[in-house]
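Visitor: I've got a fold to look over and would like to talk it through. Could you walk me round?

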Amino acid sequence: MFFDKTFFQYAMMVTLFILFSTTAVIHAAWCMPFVKRKQAAYVPALLFYGCIMLRDFLSTEYVTTGPIGRLTSAPFPVVFRIFSVILPFLGLWFLDGKRNPAQKLFLCILFVVLRWLSIEIPTEIGFFERDFIFRFALFRESVGAIVAEYIVWTIIEYGGMLLLLGVAVHILHKIYRHKDEDLTVQELVLLLAPVGTILIVKPIVGDYYKLWMSGIENGSI
């Protein structure tokens, strides 16, 4: 059958490629107003893109069941999360003439948080959408209907993620007026205080999501 597991796997691979590529473009746009050398915005975006691509590759079924599956166990996922901040920060800082390191670190950390929030919000809405459509017999009985729903909702969900991220970047560019001013360490700590609470909550929500999905797979939920 055409609409088998392989179809959805390839569809998700294409979707994630588009999602990550567009995220890298938004990352570059996010850093652009804060750098004097424009290439300094592109390299960190590619580094960020590479980190999240590698992390998701190591989370695939082939790798987790293969000889390097141990890479997906702790503490390696945490290491990749750290790299997704540190590598773009180092690239941004070095390529922009080692200017304003506190600001560069803040930009990289904040983008990670914005990206996570832009993904989390549509994902949570998607749970309600799934429960809603399965009230109708058409989506419980027709393969074509559920595939059509999958395609349409995937476009809406991931398009919404990118839209939220783009809007957030646009708003923050307007709020952050004095982009050339050096950020002190004290200001960095103050700005990261609310961001830090989200970073603490992020893995908790992630673990809950994995537990929830595991419960669906084994039938306990």
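What follows is a chat about this predicted model.

Visitor: Let's begin with the overall build. In which order do the elements of the chain run from the N terminus on?

Guide: The chain has eight helices to work with, and the strand count is zero. From the N terminus on, the order is therefore written with helix symbols, given that tally of eight helices and zero strands. It reads α-α-α-α-α-α-α-α.

Visitor: What share of the contacts with a separation of 6 or more comes from residues 24 or more positions apart?

Guide: Contact here means heavy atoms within 4.5 Å. Take the contacts in the chain with a separation of 6 or more, then pick out the pairs 24 or more positions apart. Their share is 74%.

Visitor: And the surface: what percentage of the accessible area belongs to carbon and sulfur atoms?

Guide: Of the 221 residues in the chain, 36% count as buried. The accessible surface adds up to about 13400 Å². The part belonging to carbon and sulfur atoms is 72%.

Visitor: Now His 27. Is it buried or exposed?

Guide: His 27 sits in helix H1, which covers residues 5-31. Leaving out residues up to four places away in sequence, its contacts are Pro 44, Ala 45, Phe 48, Pro 88 and Phe 111. Buried means under 20% relative accessible area, and His 27 has 1%, so it counts as buried.

Visitor: What about Asp 96, in the loop between H4 and H5: buried or exposed?

Guide: That loop links helix H4 (76-95) with helix H5 (101-133). Beyond its neighbours within four places in sequence, Asp 96 is in contact with Phe 34, Val 35, Lys 36, Arg 37, Ala 40 and Lys 104. Its relative accessible area is 2%, so Asp 96 is buried.

Visitor: Let's stay in that loop for the backbone. What is the phi of Lys 98?

Guide: Lys 98 is in the loop between H4 and H5, and at 48% relative accessibility it counts as partly exposed. Most residues other than glycine have a negative phi. Lys 98 is not a glycine, yet its phi is positive, at about 55°.

Visitor: And what is the phi of Asn 100?

Guide: Asn 100 also lies in the loop between H4 and H5. With a relative accessible area of 6%, Asn 100 is buried. Its phi is positive although the residue is not a glycine, and the value is about 50°.

Visitor: On to the cysteines. How many disulfides does the count come to?

Guide: A disulfide needs two cysteine sulfur atoms within 2.5 Å. Cys 31 is buried at 0% relative accessibility, and Cys 108 is buried at 2%. The closest cysteine sulfur to that of Cys 31 is in Cys 108, 5.5 Å away, which is too far for a bond. The disulfide count comes to zero.

Visitor: One last spot, the nonpolar surface patch. How much accessible area do its residues have together?

Guide: Its members are Val 79, Ile 82, Phe 83, Ile 86, Leu 87, Leu 90 and Phe 94. Patch residues need over 30% relative accessible area. Leu 90, in helix H4, has 31% and counts as partly exposed. Together the patch residues have about 530 Å².

How values were computed. Residues numbered from 1 in each chain as written. Predicted model: local features only at pLDDT ≥ 70, side-chain atom pairs only at ≥ 80, totals over all residues. Heavy atoms only, no water. Helix = DSSP H or I, 4+ residues; strand = E, 2+ residues; numbered from the N terminus. Buried < 20%, exposed > 50% of the residue type's maximum accessible area, 1.4 Å probe, protein only. Areas by Shrake-Rupley, 256 points an atom, 1.4 Å probe, with all protein chains shown as cover. Patch = residues over 30% accessible without salt bridge, like charges linked within 9 Å, V, L, I, M, F, W, Y side chains within 5 Å. Salt bridge = Lys/Arg side-chain N within 4 Å of Asp/Glu carboxyl O.
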